[in-house]
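Please open the model in your viewer, with side chains available as sticks, and follow the stops below in order.

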Amino acid sequence: MATWLAKMEQMILLCVLSTCLSAVHPQNFLLSPKWVPAGHREREEHGDVTAMDKIIKTNEFHATRIIDGTTTLREGDIAVSTGRRSRICFARSCLWSKSVDGHVYIAYTLSAEYSDIDTKLIKKGMDNIEDGTCIRFVPQTHQRDYLDIQPKSGCWSYLGSRGGRQTLSLQNPDCMQVGVITHEFMHALGFVHEQSRFDRDNYVTIMWPNVWRDRLRNFEKFKTESLDLPYDYGSIMHFGKYAYSMDGEPTIIPKSNRNIKLGQASSLSHIDKLKINRLYQCTVKDD
Ligand SMILES: [Zn+2]
C-alpha cells in the first residue's frame with residue numbers, strides 16, 4: 001500500500017511538472033539546441049539563406065537583445081550602448097575619417113583566438129568592402145579609433161565610428177561566413193538595414209501578423225539618408241523574406257514583384273558599393 005501511495009505521489013508530481021513545462025512560454029525553447037528559425041532548414045537546403053538569416057539564427061541562440069548590462073542589440077545585430085550617450089549615427093554622422101590620399105583607413109585588431117582560417121575569412125570580408133571603394137582596413141598601430149574584432153557572443157557591430165576602441169563581434173564558428181562578416185563591417189561603416197529605410201513602405205510590405213511578437217521592433221523604420229540611390233532589394237543589408245517569421249510565412253514581401261529575391265548571401269550588391277562610395281565620397285569611378 002505504501003509503495004502504491006509513493007508511486008501515486010510520484011505520478012502526481014510528474015503531472016504537475018509536465019503541466020509547468022507545457023506552460024513555459026515558447027520563446028524559452030530557444031534555449032534548445034534543436035531550435036532554428038521557422039523555415040530556415042528548407043531555405044538552407046535550397047541555398048536561399050541570406051547573410052542576415054545566418055546572423056538571426058546565431059544571435060537568437062547566443063546573443064539575446066542584451067549583450068551585457070549596458071549594451072543592447074537593435075534590429076537583431078546593431079549594438080547600442082545604453083550607459084553612454086550615444087551619438088545618433090545615420091548616414092553622414094560618425095563616419096570614419098578620410099585620409100589626404102583619398103582613402104578611408106579603418107584600423108582594426110584581431111583577437112588572438114582566431115585561427116588562420118578564421119583570419120582569412122575576416123580578410124575576405126574586408127576585401128569585399130575594399131574592392132571598388134576607397135575603404136582600406138589596416139592593422140591598428142597608433143590609431144585612436146579602431147575596430148576590436150572579437151569572438152564574443154553573436155555577430156554584431158556598433159553603427160559607424162563611435163570614437164576610440166569599438167568591439168565588433170564575430171563569434172566563432174557561427175559568424176565565420178564571408179557574407180556575415182561583410183554585413184557587420186557595413187554596420188561599422190555606418191549603414192543600417194535596407195528595409196529600415198524611411199521610404200521602405202513604397203517597396204516592401206511588412207507582414208506584421210507573421211512576425212514573431214517579440215521581434216516586431218526589429219522592423220522599425222529610421223530616418224535614413226538614401227544617398228539618392230534606389231531601394232536595393234538585393235543589398236547585403238536587407239533582411240531575408242522570412243526574417244523573424246513566427247510560422248514559416250514570409251515577413252517581408254516586395255511590392256512590385258513577389259518573386260524578387262531579398263538580401264544577399266555573401267557579397268555586396270552593386271548598389272551597396274555605390275552606397276559606400278557616396279557616403280564616403282570616394283573618388284573611384286561611380287557607374
Ligand atoms: Zn545587421
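Begin by selecting Asp77 and His193, both of which are buried, where buried means under 20% relative accessible area, exposed means over 50%, and partly exposed lies in between (1.4 Å probe, protein chains only). The model is a predicted one, in which local features need pLDDT of at least 70 and side-chain atom pairs count only at pLDDT 80 or more, while totals for chains, interfaces and linings use all residues. Residues are numbered from 1 along each chain as its sequence is written, and side-chain values use heavy atoms, with hydrogens and water left out.

Next, show the zinc ion, whose protein donors are Asp77 (OD), Asp77 (OD), His183 (NE2), His187 (NE2) and His193 (NE2), at 2.0 to 2.3 Å from the ion. Donors here are N, O and S atoms within 2.8 Å of the metal (3.2 Å for Na, K and Ca), and since water is not among the atoms, sites may look incomplete. Along the chain, the donors of the zinc ion follow the spacing D-x105-H-x3-H-x5-H. Asp77 and His193 link distant parts of the chain, 116 residues apart: Asp77 sits in the loop between strand 1 (71-74) and strand 2 (78-81), and His193 in the loop between helix 5 (178-189) and strand 8 (204-206). Helices (H or I, at least four residues) and strands (E, at least two) are DSSP runs, numbered from the N terminus.

Now move one residue along and select Glu194 together with Arg197 and Lys275. A salt bridge is a side-chain nitrogen of Lys or Arg within 4 Å of a carboxyl oxygen of Asp or Glu, and by this rule the count comes to 10 salt bridges. Glu194 forms one with Arg197, the closest N and O atoms being 3.5 Å apart, and another with Lys275, where the corresponding distance is 3.0 Å. The second pair links distant parts of the chain, with Lys275 in helix 6 (residues 270-279) and Glu194 in the loop between helix 5 and strand 8, 81 residues apart. Add Asp199 and Asp272 to the selection, and you have the network into which shared salt-bridge partners join Glu194, Arg197, Asp199, Asp272 and Lys275. Glu194 counts as buried because its relative accessibility is 4%, and Lys275 is likewise buried, at 7%.

Finally, select Arg165 and Asp148, whose side chains meet in a salt bridge (2.7 Å, N to O). Arg165 lies in strand 7 (residues 165-170) and Asp148 in strand 5 (residues 146-150), 17 residues apart. Which of these two counts as partly exposed, and which is buried? Arg165 counts as partly exposed because its relative accessibility is 47%, whereas Asp148 is buried, with a relative accessible area of 9%.
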